[in-house]
Protein chains: 2
Amino acid sequence: MTTPKNDLYLKALRGETVSRPPVWMMRQAGRYLPEFMELREKYDFFTRCQTPELASEITVQPLRRFGMDAAILFSDILVVPQAMNIEVEMRPGFGPYLPNPIRTKEDLGRVVVPDVHETLGYVFDAVKMTLEKLDNSVPLIGFAGSPWTILCYSVQGQGSKNFDLAKSLCFSQPEVAHALLQKITDTTIAYLKAKVDAGVHALQIFDSWGGMLGPEDYNEFSLQYMRQIVDALKDLAPVTLFGKGCWFALSDMAETGASALGVDWTCSPRNARYLSKGKITLQGNYDPARLLSPVSRIKADVRQMIDGFGKDRYIVNLGHGILPNIPVEHAKAFIDAVKSYH
Amino acid sequence: MTTPKNDLYLKALRGETVSRPPVWMMRQAGRYLPEFMELREKYDFFTRCQTPELASEITVQPLRRFGMDAAILFSDILVVPQAMNIEVEMRPGFGPYLPNPIRTKEDLGRVVVPDVHETLGYVFDAVKMTLEKLDNSVPLIGFAGSPWTILCYSVQGQGSKNFDLAKSLCFSQPEVAHALLQKITDTTIAYLKAKVDAGVHALQIFDSWGGMLGPEDYNEFSLQYMRQIVDALKDLAPVTLFGKGCWFALSDMAETGASALGVDWTCSPRNARYLSKGKITLQGNYDPARLLSPVSRIKADVRQMIDGFGKDRYIVNLGHGILPNIPVEHAKAFIDAVKSYH
């Protein structure tokens, strides 16, 4: 693997001094982009994920327009449970729907730890095709959901404001929950290793629903499995852990061997540094809805945010994925404000 | 107003030493109770809220069964926007639906600050009837939503995982948002004053969606309005502020003059005491889904939680409302574990 020409993102992950922090945006290849919407109208969700030509094109679209410092492979965290024999549908206007959720020991019997090359080969092909398109300009990030977050969808069967059914399984049948979490973890490790083999430069784990758990339950049902993933991958590629709502776990997450931690916008820069013990690289944390503010406000906010986190050991990002209703020129203002920071 | 025979809850609010902490449960008059479900099958949501005989009966149902240390008047935070000329429907299986949400300056023109005695008189009647039924046994709590949380529903028009439309209004038309927040605040103050006049012993403000905002936006769009409410009410009755996901604001909330702060289960007892500066009474914070654990685990958790918070300046509660699928005997184990604490 050769170092990309723009290696700001990799330097920040290693904690090296940089002239300005790198910037990318979670869900940067998304519905706020007209060129993404064109492909979305022609091809359904899983066709876009499973067709390397489409996934790689979608991945590089935002870079052509805005010139972020990193690309993240267009895909979805739910391709993993899909590969594990858990059926996943993406229903327009509704979101993910899993018609046969995992709620009993019998259901668990259906769940397999697959050969990732057989089931997810299209992802690794998309990585290779994307690397060709990037032509060594910026690093490519590969990602996966955390085992806990994948369990949430696999058990609940759809999005939820409290994932009560997922938590019910954990608290009333913990042995079933742990067996499912271990199968997801084993699959995720194989999946991310194969992504690194295919050429991604860095990895990010999305624990989107970690904030549903209290601190002790977080350790039991989420963090111990992310720790297994970091242990298995950290010598192959730098790993970023992003737990939405997981402020209470930042201190433990900082001890996992991860290279960086993502934080959401409820953490002030000062709290984020304090809670993560001040040493690890942090990534975040602009409120995605704040991109609806006037451009002048966005630019001022970005400068204040960088001053708050400090330019080193810091990767500018949103605190969660960009929203579909963000004007393109507001996204541009966000990126430009970082690139002109001095 | 005479002091109820069991005044543990009021003592804890005043920070006095108690033999054991008081206990009640958010949404204790709720769907997990068979006697509540009987009334729910006969009467629709707003009939239950608006009929003092029903609201008072539902309020005392959980006390008959479990003997909590406080009652909370059965009602809903959305009766306030309803009184402000914002139509609110409660759709079975869907939740609140507001067919004409407030999204422009023109929409705002429709919103009134009502005479609460004309529009919400049924609530004050329910307070008086409940006090008769309680016969001075335990204190009665009256509640309202925070202005921010009421704005969330009034603008979004329904529940949401990120209240993107509500935040859009705040960030792109802040003057409209602030005018709406002030109308809600003025109505809420009049509403809570009238509740105190009717005889409630204490008040709680539910900022259910405060955790959607970052710290600066929280101060601007939520806390300053709750501060107005506390200022207007604190000399009339003790006020508890509960902000779900608002760990980052506990320090500022502790300075408002509120008697107590509610915390959710992502705050360990130690973090909650630290973030609230160690002096104010705290209320919470058992994960409602954890009531699905075996009874022996619930009892051990409750003891550990009380030990963690300390028996004084502490009110045992859940970290959010009880879930409909909690077995009655598990709720009983939670209450009993507190009452047998020594």
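This section describes the arrangement of the two chains, their sheets and selected residues in a predicted model.

Two copies of a chain are related by a rotation about an axis and a shift along it. In this model, chain A can be laid on chain B by a turn of 180° combined with a shift of 0.0 Å along the axis, and the superposition gives an RMSD of 0.0 Å. That is the relation of a two-fold axis. The residue of chain A that comes closest to the rotation axis is Lys161(A), whose C-alpha lies at 3.0 Å. The same surface serves both copies, since 100% of the contact residues of chain A recur in chain B.

The contact between the chains takes 24 residues from chain A and 24 residues from chain B. On the side of chain A that touches chain B, helix α10 (residues 164-172) of chain A gives the most, with five residues. By class, this side of chain A comprises eight nonpolar, eleven polar and five charged residues.

The corresponding helix α10 of chain B includes Asp164(B), a residue that is in contact across the chains with Ala289(A) and Leu323(A), when its neighbours within four places in sequence are left aside. Asp164(B) is partly exposed, as 18 other C-beta atoms lie within 10 Å, a count below the 20 at which a residue is taken as buried. Within its own chain, Asp164(B) is twelve residues from Cys152(B) in sequence, and the two are 9.0 Å apart in space, C-alpha to C-alpha. Elsewhere in helix α10 (residues 164-172) of chain B, the residues Ala166(B), Lys167(B), Leu169(B), Cys170(B) and Phe171(B) are buried. The cover over these buried residues of α10(B) includes α9 (147-156), α11 (174-198) and α12 of chain B.

In chain B, an open sheet of seven strands follows the order β1-β4-β5-β6-β7-β8-β9, with parallel pairing. Its edges are formed by β1 (71-72) and β9 (314-318) of chain B, each of which pairs on one side only. Inside this order, strand β4 (residues 140-145) of chain B and strand β5 (residues 202-207) of chain B pair in the parallel sense over five bridges, and Phe206(B) in β5(B) is the bridge partner of Gly145(B). Helix α12 (residues 215-233) of chain B packs on the sheet, where it touches β5 and β6 (239-243) of chain B, and the direction of this helix makes about 175° with that of β5(B).

Towards the β9 edge of the chain B sheet, strand β7 (residues 260-262) of chain B and β8(B) pair in the parallel sense over three bridges, with Leu261(B) standing opposite Leu282(B) in β8(B). The two strands, together with helix α14 (residues 269-275) of chain B, make a right-handed β-α-β unit. On its other side, β8(B) is joined to β9(B) by five bridges, and these strands also run parallel; here Leu282(B) stands opposite Tyr314(B) in β9(B). A right-handed β-α-β unit is again made, in this case by β8(B), helix α15 (residues 295-309) of chain B and β9(B). Six of the six residues of strand β8 (residues 281-286) of chain B are buried, so this strand is largely enclosed by the rest of the structure.

Chain A likewise has an open sheet of seven strands in the order β1-β4-β5-β6-β7-β8-β9, with parallel pairing, and its edge strands are β1 (71-72) and β9 (314-318) of chain A, each pairing on one side only. At the β1 edge, β1(A) and strand β4 (residues 140-145) of chain A pair in the parallel sense over two bridges, and Ile72(A) stands opposite Ile141(A) in β4(A).

Ile141(A) is also one of the residues touched by Leu203(A), which is placed in strand β5 (residues 202-207) of chain A. Not counting residues up to four places away in sequence, Leu203(A) touches Ile141(A), Gly142(A), Phe143(A), Leu192(A), Leu233(A), Ala237(A) and Val239(A). Leu203(A) is buried, because 25 other C-beta atoms lie within 10 Å. The C-alpha atoms of Leu203(A) and Ala258(A) are separated by 9.8 Å, although these residues are 55 residues apart along the chain.

Conventions. Residues are numbered from 1 along each chain as its sequence is written. Chains are lettered from A and ligands numbered from 1 in the order in which they are written. This is a predicted model: local features need pLDDT of at least 70, side-chain atom pairs count only at pLDDT 80 or more; totals for chains, interfaces and linings use all residues. Two residues are in contact if their C-beta atoms, placed from the backbone, lie within 7 Å. Helices (H or I, at least four residues) and strands (E, at least two) are DSSP runs, numbered from the N terminus. Ala, Val, Leu, Ile, Met, Phe, Trp, Tyr, Cys and Pro count as nonpolar, Asp, Glu, Lys and Arg as charged, and the others, Gly among them, as polar. Two strands pair if DSSP finds at least two bridges between them. Axes are lines fitted to C-alpha atoms, for helices over the stretch in contact, and angles run from 0 to 180 degrees between N-to-C directions. Copies are superposed by least squares on the C-alpha atoms of residues with pLDDT of at least 70 in both. A residue is buried if 20 or more other C-beta atoms lie within 10 Å of its own, exposed if 12 or fewer, and partly exposed in between; C-beta atoms are placed from the backbone. A crossover is right-handed if, with the strands pointing away from the viewer, the path from the first strand over the helix to the second runs clockwise.
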